[in-house]
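Hello,

Here is the structure I promised to pass on to you. Have a look at it first, and then read on for what turned up in it.

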Amino acid sequence: MPGPESRRALRVRWTGVWPVTDQVVDTGGVKLSAEGHFLGRTRELKELLADIERAGLDTLSGKKAPRARVLLIAGRPGSGRTALAEELVRQVADRYGDGVLRARLGEPDGTPVPVERVARELLAALDLPVPAGAAEDDLTAALREALAGRRFLLLFDDAADAEQVDALLPDSPDCLVVAVSSGPLTGIADVRPCTLGGLDTKSAVELLSRHAGSVRITVDPRAAEGLVEECQAQPAALMLAGGWLAARPKAAVADLAKQLHAELDEDTAGAPLTRIFRLAHAALPAPAARILRLLSLAPAGLVDPHTASALAGCSVSGARTTLDDFVALGLLRAVESPLPQYEVPGCLYPLLKALTEAQDRPAELQLARARMLERTVRLLQSCRAITETDSPQAREKLLGMPRSLRFPSPRAAADWLRIRRPALLAAARLAVADGELDTLARRLMSQLVRAMVAHFGTQAAAPDLYGIHGLVLDVADRRDLPRERAAALLNLGDLDARTGRTREALARYRAALDAGRAANDPYATGRAMESVGGAHLELGDYDRAADWFGRALAQRLARDERADAARLYGRIAAAHTFAGRYGEAQRGWRAAVAGHRKSGDVAAQARALSELARVQEYAGRPEESLRTCQEAVEWARRAEDVRLQAALHLRLADTLEHLGDSAAARLQRGAAERMLGEELPDGAAGPESEDSDDTAP
């Protein structure tokens, strides 16, 4: 792991709830420490603190403030605007007992982050349920409801425009929003702006001294002030200058100032950061300079040794050494994390990208992207394979991988997946947007889905899976891949159905059916027809549900898929049961029982008999229901399904009660209690449809 000096920079890349404690943060030029030591910006801090206390326009007019107050810190990237925001948050966090929420509203390249994604992450940070695929309005409404009546401090970094911030503003006047942006947020009422320029000279010299060492600064203070003037007292430029000097102990401060002055031209006259960055880049060895430029390709600006290694085509250990060197030079920030992870400073990203486009050939950049995606795919394969401890094939595949790609344990793999999640999702989005590496993009998304399901489960990973399946659909549409289109639509439809958007799911399933037919894919076609039937069943259209289940059944019978056919007989019977057509429902369940018997699925046969008994009871035939239920108990015993046996004993008890045999009913309930090992209330229900796949809508 990097040493304390190279890991002093901590910047929040993802949204999260932070406890009200001191933190170590260095985010663009001025340093925060646990002791609260902060360089400069005394006047700005005083004004911001006063703005918090000052009455708003609504208060002055006698009205109650309808929303949270917004303080704006505006400045160019590299001006220390985020550092100032962090210091403000540190000083006032104890006033907001519910905690601090942080969110990044801009990508490294300046692209605004969709409000839907930010709201989703904020809700997740609050440990609130986040429905997969929910619309932006629903998510922002849920966020405002979650923040209502609470005292949160929200820090929105890199806000692109007022619309972004406005959509996320809490309706609670007890909350405070600190927004960081390059310009004004016109359109938000009563915004408190604070525009940043350079640091004062004393603070700028001290910042330079911290990074370059104090000896040369003390020996030649006038040269240090001249260098500060060349850097226009911009924190990011001063950090790079300090790193350049620290790497050259014999260089004089005045020499660097002269070189910076010599770099002046029409394009960079007002951009000291650009000039010092060019000097820093030019001073690097050619391999290191190439690695630095290629970091502009890192998804979400997040880099780890594997990413750098794949981009540059070098060893993982060599990449890590180079990344640590970049941190010491101020060209990269180390992110505090259990795993080595770094980020490209936002102010340097456009400079890196411009250098890359100017000095590297497009074919080389495309090859670097391909190597990075291929490495990510292999890491995801390893991440998933280590969970398959009982699979000889998985063990063989793991042993065939290089040691650097293997995880020591499933826990280590899960931690890696959780920490790298923002970068992995960004990699998928960038790969799809690129459009030139669709084959690798499809492999990446497939492995990402499998790894997330293996480690987090389908339910927990659903919000991320929804976005990934949407990306798969984009690639399938672009490349005219009907089979992949059908699979993506089915997956999206399933996620819509689970979150109650049944009509949207129905439209997805119908589109998947068309795509499956176009691909001549019987699996996708049959699954889509069954899913259409399930959606109609959920909507209460039982006739259409039975019709679509019947179409799916005909296909299964034609392909001699007996187990699926037996299951579909049960689904048709369930539709008839809901419609009150008990005669047809009984015929359907008998066909399901026969199908499961032929396929040898004893447990499914017992469940189908249980449902047949329930329908017989609905139809007013308690004696037949009793005999069928007793038969179901015997098959459940053979299947060693204790829970089903207990539920069937409870159903027998209910039926016996209806027949007037209370003593026998008590015996059945006692048997169920012994099986489950707990006391059950009188009248507990027997097995319902949710215990059986045969009747699940």
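How many cavities of 30 Å³ or more does a search of the whole structure find? The answer is 2. Please keep in mind as you read that this is a predicted model.

Let me begin with the largest cavity, which has a volume of about 120 Å³. Its lining is made up of 14 residues, and those closest to the cavity centre are Asp304, Thr307, Thr376, Arg420 and Leu424. If you would like to find the place by its helices, look for H14 (305-312), H17 (362-385) and H20 (421-434), the elements that each give two or more residues to the lining. H17 contributes the most, with 4 residues. As for the character of this lining, 8 of its residues are nonpolar, while 3 are polar and 3 are charged.

Next, the way the nonpolar residues gather. In general, nonpolar side chains in soluble globular proteins tend to be buried together. In this model, the largest nonpolar core has 70 residues. The members that touch the most others are Leu380, Trp416, Leu417, Met445, Leu448, Met452 and Ile468. Helix H22, which covers residues 458-479, gives the most to this core, with 9 residues.

Leu448 is a good place to zoom in. Leaving aside residues up to four places away in sequence, Leu448 touches Leu380, Leu417, Leu424, Leu425 and Ile468. You have already met Leu424 among the residues closest to the centre of the largest cavity.

Apart from the largest core there is another one, with 57 residues. Its members include Leu39, Ala224, Ile276 and Val327.

You may also wonder about the cysteines. How many disulfides does a search of the whole structure find? It finds 0. Two cysteines that you can compare by eye are Cys231 and Cys314. Cys231 has a relative accessible area of 1%, so this residue counts as buried. Cys314, with a relative accessible area of 28%, is partly exposed.

Finally, some figures for the chain as a whole. The protein chain has 32 helices and 9 strands. It is 697 residues long, and buried residues make up 55% of them. Among contacts with a separation of 6 or more, 65% are between residues 24 or more positions apart.

I hope this helps you find your way around. Do write back with any questions.

Best wishes

Definitions and conventions:
Residues numbered from 1 in each chain as written. Predicted model: local features only at pLDDT ≥ 70, side-chain atom pairs only at ≥ 80, totals over all residues. Heavy atoms only, no water. 1 Å grid on protein atoms, 1.4 Å probe; cavity = no way out; pocket = protein on both sides within 12 Å on 5 of 7 lines; lining within 4 Å. Points joined across faces, edges and corners; volume = space filled by probe spheres on them. Nonpolar A, V, L, I, M, F, W, Y, C, P; charged D, E, K, R; others polar. Disulfide = S-S within 2.5 Å. Buried < 20%, exposed > 50% of the residue type's maximum accessible area, 1.4 Å probe, protein only. Core = buried A, V, L, I, M, F, W, Y, C linked by side-chain atoms within 4.5 Å. Contact = heavy atoms within 4.5 Å.
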